[in-house]
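This report is meant for a reader meeting the structure for the first time. Please keep the sequence and the 3D view at hand while reading.

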Amino acid sequence: MELGIGTMASGWKTRYLNLEETTRATMYRPTVAEIDLTAIRDNLRAIRAFTPLKTQVIGVVKADAYGHGAARIAAVLEQEQVRLLAVATPDEAVELRENGITAELLVLGNSPADFVPYAVTNNVALTTVNQATTMMYAAAAGTHTVRLHYKVDTGMGRAGVLADNATKQILYSAAVPRVSIVGLYSHFACAGSDPEFTALQTARFAAVVRELRAGGLQPAMVHLANSAGMFTSPGVMLDGVRPGILLYGCPPVPAPTCPVRPVLSLRTKLEMVKELPAGHGIGYGRTFITDRPTHMALIPIGYADGYLRGLSNKAHVILRGRFAPVVGRVSMDVCALDVTDIPAAMPGDRVTLIGEQDGCSITADELAELMGTISYEVLTGISKRVPRVYIDRSP
Ligand SMILES: *Cc1c(COP(=O)(O)O)cnc(C)c1O
């Protein structure tokens, strides 16, 4: 794999940047997650075109930007004028700051009191969920003011003040010194699957916003919709939307009005090809037995890379314009393909496990379906062992 700055045959300026390049100048194993930063930019543009002008797009970059590499993705979003980035944990916020990200950050999950001094001096807003948490943050803020987004539980049943109690508690919190309630939000439980319940959550949230206004509190930013909610409740994009998976090009519901494309491709190369006679087992447990003389090929990727064992004898990969089946159990570091029907296959051939190659495509959603999960888990499950390689075709 080429590192550094190169020029593709097409003439596009192409940067290959490896997150680990500061510690490691070479990659001996060809398995990589290729991240197309131009796709992120284009997806953001499509999302902005789909949202009302007054609605800010909050870039959700939690869980290492859904496995895409939070520092690089955040840098691109910041360059594209995204003003607020959302992470799940305090440590994710620190990682972004240590990588030079200056946009305001919002921690969606829980933050302990000992993170507050960092938050107030590094422009990190926290999520508060009740009066006690708010008081705790205020006490830890020292002489600074802590910026808080109040989370309302309108039906998710996780963190957040219950909608029925919300108004009183939030108004009370707003009066606490060294606290600034800058945001108010809630989260949909089934935006993609239950329109009725989503409408109920929306109504509960709207009631809280109305009551707060009547009580004299208008948070600067009121936000509700995740990716799915943007399509199933387009009327409630409010001051902000919080797309995650949509940014990464895997819409969780059909989104013809907002054309995005996948950002991540999982690629490797054929390691070796060998002939096995009929009746030969392949892999642990001998779950695949050849029924003909078989050209078996190995690829250097396994469940420790996030190519999960559940894909054994189920998934296909793209090789020379064809789909080659994964045969036998996926091992920790390697798995086998049946390439008998692709006689030209040879070591070094490019293989795509997620993404497009030679006019064929495999999506994270398709792999997720095979494993009985969702694209989110497939993407965030691509492990640290897989180097992220960045491609930027922007002018
Ligand atoms: C993860 C998350 C999102 C983004 O969800 P997607 O389905 O990826 O768009 C939005 N809001 C909150 C509170 C989240 O935790």
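## The annotated C-terminal domain

In an unreviewed entry, UniProt lists residues 263-391 as "domain: Alanine racemase C-terminal". In the model shown here, which is predicted, this span is 11% helix and 39% strand, and its end C-alpha atoms lie 10 Å apart.

Val 378, a residue of helix H11 (residues 375-380), is buried because its relative accessibility is 5%, and the cut-off for buried is under 20%. Leaving out residues up to four places away in sequence, Val 378 touches Ile 354, Ala 364, Leu 367, Ala 368, Met 371 and Thr 373. Measuring from C-alpha to C-alpha, Val 378 and Pro 30 are 20 Å apart in space, while 348 residues separate Val 378 and Pro 30 in sequence.

## The surroundings of the ligand

The ligand is surrounded by Lys 62, Tyr 66, Leu 108, His 187, Asn 226, Ser 227, Arg 242, Pro 243, Gly 244, Ile 245 and Tyr 376. Sorted by class, this shell holds five nonpolar, four polar and two charged residues.

Oxygen atoms of the ligand have polar protein atoms beside them at several places: a polar side-chain atom of Ser 227 lies 2.5 Å from one such oxygen atom, and a polar side-chain atom of Tyr 376 lies 2.6 Å from an oxygen atom of the ligand. Gly 244 takes part through its backbone instead, with an N or O atom that lies 2.9 Å from a ligand oxygen atom. On its own the ligand has 380 Å² of accessible area, of which the protein covers 93%.

## Lys 62 and helix H2

Lys 62, one of the residues around the ligand, is also listed by UniProt, again in an unreviewed entry, for "modified residue: N6-(pyridoxal phosphate)lysine". Lys 62 lies in helix H2, which spans residues 62-67.

Is Lys 62 buried, exposed or partly exposed? With a relative accessible area of 27%, Lys 62 is partly exposed, because this value falls between the limits of 20% and 50%. When its neighbours within four places in sequence are set aside, Lys 62 is in contact with Ala 86, Val 87, Ala 88, Glu 92 and Leu 108, and Leu 108 is also one of the residues that surround the ligand.

## Helix H3 and its packing

Helix H3 (residues 70-79) has Ala 70, Ala 71, Ile 73, Ala 74, Val 76 and Leu 77 as its buried residues. An α-helix has 3.6 residues a turn, so residues three or four places apart point the same way.

The buried residues of H3 pack against the helices H1 (37-50), H2 and H4 (90-98), and also against the strands S3 (32-36), S5 (59-60) and S6 (84-87). Just after H3, Gln 81 takes a positive phi of about 70°.

## A buried threonine in a loop

Thr 154 has its place in the loop between strand S9 (146-153) and strand S10 (161-162). Thr 154 is buried because its relative accessible area is 1%, and buried means under 20%.

The side chain of Thr 154 makes a polar contact of 2.7 Å with the side chain of Ser 186, and another polar contact, of 2.9 Å, joins the side chains of Thr 154 and Gln 201. Apart from residues up to four places away in sequence, Thr 154 touches Ala 163, Ser 186, His 187, Gln 201, Arg 204 and Phe 205; His 187, in turn, is among the residues that surround the ligand.

Conventions: Residues are numbered from 1 along each chain as its sequence is written. This is a predicted model: local features need pLDDT of at least 70, side-chain atom pairs count only at pLDDT 80 or more; totals for chains, interfaces and linings use all residues. Side-chain values use heavy atoms; hydrogens and water are left out. UniProt positions are given in the numbering used here, feature names are shortened, and annotations may be inferred rather than shown by experiment. Helices (H or I, at least four residues) and strands (E, at least two) are DSSP runs, numbered from the N terminus. Buried means under 20% relative accessible area, exposed over 50%, partly exposed in between (1.4 Å probe, protein chains only). Contact means heavy atoms within 4.5 Å. A residue is near a molecule or strand if one of its heavy atoms lies within 4 Å of it. A polar contact is a pair of N or O atoms within 3.5 Å; within protein, one must be able to donate a hydrogen and the other to accept it, and residues adjacent in sequence count only if both atoms are side-chain atoms. Accessible areas come from the Shrake-Rupley method with a 1.4 Å probe; for residues, only the protein chains shown count as cover. Ala, Val, Leu, Ile, Met, Phe, Trp, Tyr, Cys and Pro count as nonpolar, Asp, Glu, Lys and Arg as charged, and the others, Gly among them, as polar.
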